[in-house]
Amino acid sequence: MSQDINSIIDQLAEIDSASAKIMRKTQDEKKKYAEYINQQKQDYELTLEKQVDAEIAQYEQVLKKENEEEIAKCKSSCEKDIAKLDSLYKEKGDSLVNEIFSKIIKE
């Protein structure tokens, strides 16, 4: 009977040892999986960050081009207006000066 009890105790010890090994293996796998998930998360965040940066750079280029085009239009318009004013001054400058001078003197 004592041999049966010793046999049962030995078997229980083996079961306990096996379950401890299973628990350690499970913890190790859990840790590896958590590390894998963290790595996947970091990779995704890096990829997303690069994608967002690329889209922002592309958008900035589009805005820069639009701004340059708008500035060129404004510059052209201003140059045309200045040319018109110069032409008007050359044509009527003397008469305008005389008219203004006459109005000042009459007052």
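Why does the sulfur of Cys74 form no bond with the closest cysteine sulfur, in Cys78? The two sulfurs are 6.4 Å apart, too far for a bond. A disulfide here is a pair of cysteine sulfur atoms within 2.5 Å, and a search of the whole structure returns zero of them. As for exposure, Cys74 is partly exposed at a relative accessible area of 43%, and Cys78 is partly exposed at 45%. On this scale, buried means under 20% relative accessible area, exposed over 50%, and partly exposed in between, with a 1.4 Å probe and protein chains only.

I should state the basis of these values. This is a predicted model, in which local features need pLDDT of at least 70 and side-chain atom pairs count only at pLDDT 80 or more, while totals for chains, interfaces and linings use all residues. Residues are numbered from 1 along each chain as its sequence is written, and side-chain values use heavy atoms, with hydrogens and water left out.

Turning to the overall fold, the protein has one helix and zero strands; these are DSSP runs, H or I of at least four residues for helices and E of at least two for strands, numbered from the N terminus. The radius of gyration is 44 Å, well over the 13 Å that the globule rule gives for 107 residues, so the protein is more spread out than a compact globule. That radius is taken over C-alpha atoms, and the rule is 2.2 Å times the number of residues to the power 0.38. The C-alpha trace spans about 140 × 30 × 5 Å along its principal axes. Of the 107 residues, 1% are buried.
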